[in-house]
Amino acid sequence: MFGRRCAAIAAATVLTLVAGCSPTGAPATSPSSSSAAQAWVDDEVTFDSGGVTIHGTLHRPASGAPVPAALLIAGSGPTDRDGNSRLLPGAVNTLKSVADKLSAAGTASLRYDKLGSGATGIGKYAADPAAIDAEVFSTEARDALAFLASRPSVDRDRLSAYGHSEGALFALQLATSTTGPSVKALGMLEPLSVRYLDLLSRQITDQVTTAEKAGQVPQADGDALLAALATTIAQVRAGGTVPADLPASLKSTFNASTAQFLQQLDRIDPPELARTLPARYPVLLTCSDADIQVSCADVDHLATGLTAADLTYVHLTGVSHVLKQDPSRAPSNYGADLPFSPQAGTAITEFARTH
């Protein structure tokens, strides 16, 4: 599935991404290159978003000299600043790795524990998790960008945004916004590329079909579940609510705490939003033949909205959804001790150097 948002907060079972933290001011090791032959540090930082204190890591040169900077936005689920989740064993570290690749290009970055993860937690929403809608996360990204732009070690005229999975949609919102600090370049890594509920429908349908073929689910039961899924999606789209008789197997994805979030994000058609970017806008787009959550066909669909952009479209080989070198197509390997994709790393570093 795309990932799971924790039961306490709004979310869906679809893409899983994560992000982590380092001690305040702790030296950080970055890949060596001619543009990054300097010491880097990780500052533990906080900023306010809607009355919640958001915790994050500012990865920057130790010199403090202003440099280009990127905001990193995690995917779905209780994903922290490094790209790790309490729902997944091991260290995923997608965004931590992206930060390292950016520093090789001399680009600083801010990654943060989004609401429901890491040191941020659920804050004031503990008493009413159903109040967490998509706008909460959009606002969080906007406030993170404003905070990043305010740092003395950041050149606010050279800001970019990189989103992984679901996070790419929030990064795209920042890039197309006409308010707040201006984002000059956009990275969409294994991005949510179709309407949210369409993706959920396909993923769940594929799972049911696979279970039926394996003899794990009787066809009659599978058909009944898919009928309930269609009814549920129609009701979420129409009114932001779920049926009272929802099957138990769908309740982790569709419930009172997730319905409004899903309805709001589903209204966004990624290619249509992408078409509102300025002409020749720099965009890095990735897909992989081993990503079981976002297919290259999906990302091709998103790319139809980027025909006027200055598009760098990288087709990865043998790389998992969390950008590790892993052709197994096994989600159980997301937290395994596997290397970050060299192909993805090179693409990120070279795009940041250019833009």
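## A buried disulfide

Cys-287 and Cys-296 are both buried in this predicted model, and a disulfide joins Cys-287 to Cys-296, with a distance of 2.1 Å from S to S. A disulfide is a covalent bond between the sulfur atoms of two cysteines. The structure holds 1 disulfide, and the torsion about the S-S bond of Cys-287 and Cys-296 is about 95°, so this disulfide is right-handed.

## Helix α8, where Cys-296 lies

Helix α8 takes in residues 296–303, and its buried residues are Cys-296, Asp-298, Val-299, Leu-302 and Ala-303. These residues cover an arc of only 150° around the axis, which puts them on the same side of α8. An α-helix has 3.6 residues a turn, so residues three or four places apart point the same way.

What do the buried residues of α8 pack against? Their partners are the strands β7 (183–189), β8 (282–288) and β9 (310–316), together with the helices α4 (196–213) and α7 (270–274).

## The chain as a whole

The chain is built with 9 helices and 9 strands, and 57% of its 355 residues count as buried. When contacts between residues at least 6 apart in sequence are considered, 71% of them join residues at least 24 apart. The chain exposes about 13400 Å², and carbon and sulfur atoms supply 53% of that area.

## Helix α9 and its cap

Helix α9, made of the 13 residues 342–354, reaches 18 Å from its first C-alpha to its last, which is close to the 18 Å expected at 1.5 Å a residue. At the N-terminal end of α9, Ser-341 acts as a cap, with a side-chain oxygen that lies 3.3 Å from the backbone nitrogen of Gln-343.

Within α9, the buried residues are Ala-344, Gly-345, Ala-347, Ile-348, Thr-349, Phe-351 and Ala-352. The buried residues of α9 pack against the helix α1 (94–103) and the strands β6 (154–164), β7, β8 and β9. The strands β7, β8 and β9 are also among the elements that the buried residues of α8 pack against.

## Helices α6 and α5

Helix α6, at residues 259–266, is mostly covered, with 7 of its 8 residues buried. The buried residues are Ala-259, Phe-261, Leu-262, Gln-263, Gln-264, Leu-265 and Asp-266, and the elements they pack against are the helices α2 (134–150), α3 (167–176), α4 and α5.

Val-236 gives a view of this region from another helix, since it is found in α5, at residues 219–239. Is Val-236 buried or exposed? At 0% relative accessibility, Val-236 counts as buried, because the cut-off for a buried residue is under 20%. Leaving aside its neighbours within four places in sequence, Val-236 is in contact with Leu-197, Thr-241, Val-242, Phe-254, Ala-259, Leu-262 and Gln-263. Of these partners, Ala-259, Leu-262 and Gln-263 are among the buried residues of α6. Val-236 and Gln-263 are 27 residues apart in sequence, and the distance between them in space is 5.8 Å, C-alpha to C-alpha.

## A partly exposed residue in strand β2

Thr-46 is placed in strand β2, at residues 40–49, and with a relative accessibility of 42% it counts as partly exposed. Not counting residues up to four places away in sequence, Thr-46 touches Thr-53, Ile-54, His-55 and Phe-147. One of these partners, Phe-147, is 101 residues away from Thr-46 in sequence, while the two are 9.0 Å apart in space, C-alpha to C-alpha.

## Two loop residues with positive phi

Glu-190 has a positive phi of about 45°, although it is not a glycine. Glu-190 lies in the loop between β7 and α4, and at 0% relative accessibility it counts as buried.

Arg-329 is likewise not a glycine, and its phi is positive, at about 60°. Where is Arg-329 placed? Arg-329 lies in the loop between β9 and α9, and at 45% relative accessibility it counts as partly exposed. The cut-offs help in reading these two values, because a residue under 20% is buried, one over 50% is exposed, and one in between is partly exposed.

How values were computed:
Residues are numbered from 1 along each chain as its sequence is written. This is a predicted model: local features need pLDDT of at least 70, side-chain atom pairs count only at pLDDT 80 or more; totals for chains, interfaces and linings use all residues. Side-chain values use heavy atoms; hydrogens and water are left out. A disulfide is a pair of cysteine sulfur atoms within 2.5 Å. Buried means under 20% relative accessible area, exposed over 50%, partly exposed in between (1.4 Å probe, protein chains only). Helices (H or I, at least four residues) and strands (E, at least two) are DSSP runs, numbered from the N terminus. The arc is that of the directions from the helix axis to the C-beta atoms. Contact means heavy atoms within 4.5 Å. Accessible areas come from the Shrake-Rupley method with a 1.4 Å probe; for residues, only the protein chains shown count as cover. The expected span of a helix is 1.5 Å times one less than its number of residues. A polar contact is a pair of N or O atoms within 3.5 Å; within protein, one must be able to donate a hydrogen and the other to accept it, and residues adjacent in sequence count only if both atoms are side-chain atoms.
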